[in-house]
Amino acid sequence: LGGALITESNFTGAKQVLQLALELAQDHSLEDFARRIKDKLAEVFMFTGGSRETIEAYIQPLLGASQRAGSISMEANCYNKLGYLLVAQGEGHYEQARQYYERSLQLAQRHSFIGLECWIAGNLGVLYTHTGQYTEAQ
């Protein structure tokens, strides 16, 4: 339901539903569901002007948990979001963003996550445009 509300741009509703779902998942020790919910909450904060610190507080532990669980797709997704966050916040951390995107792209290519690979390539294009690297952006 939280994902559907995000798709409909109902971020307030999505946040409420996801926070309730997170409490329930944690109460019942459903760690995989809790990780997915935190991922969606990070998206809500990304699209509603949340601070970098707030968003990273969701993504960084999710990245570590994904690595421990061997969830390559979630790990790649976390690196992509960390890169996106740095570009979207516009604080000039473009080299770090590029490194996150490159790591994400390596994982996506190695494991044939074509959809994620395309998403990352688009994000890299935006990054290169921001930094005036127009040839690379193509």
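Helices here are DSSP runs of H or I with at least four residues, numbered from the N terminus, and Gln-109 lies in one of them, helix H6. The structure is a predicted model, in which local features need pLDDT of at least 70 and side-chain atom pairs count only at pLDDT 80 or more, while totals for chains, interfaces and linings use all residues. Residues are numbered from 1 along each chain as its sequence is written, and side-chain values use heavy atoms, with hydrogens and water left out.

Gln-109 has 43% relative accessibility and therefore counts as partly exposed, a class lying between buried (under 20% relative accessible area) and exposed (over 50%), with a 1.4 Å probe and protein chains only. Its C-alpha atom is 10.0 Å from that of Ala-76, 33 residues away along the chain.

The largest nonpolar core (buried Ala, Val, Leu, Ile, Met, Phe, Trp, Tyr and Cys residues joined through side-chain atoms within 4.5 Å) holds 38 residues, of which Leu-18, Leu-41, Ile-55, Ile-120 and Leu-124 touch the most other members. The helices below each give two or more residues to this core, and H5 gives the most, with eight residues.

| Helix | Residues |
|---|---|
| H1 | 2–7 |
| H2 | 11–27 |
| H3 | 31–47 |
| H4 | 52–69 |
| H5 | 72–89 |
| H6 | 94–110 |
| H7 | 114–130 |

Leaving aside neighbours within four places in sequence, Leu-18 is in contact (heavy atoms within 4.5 Å) with Gly-2, Ile-6, Ile-37, Lys-40, Leu-41 and Val-44.
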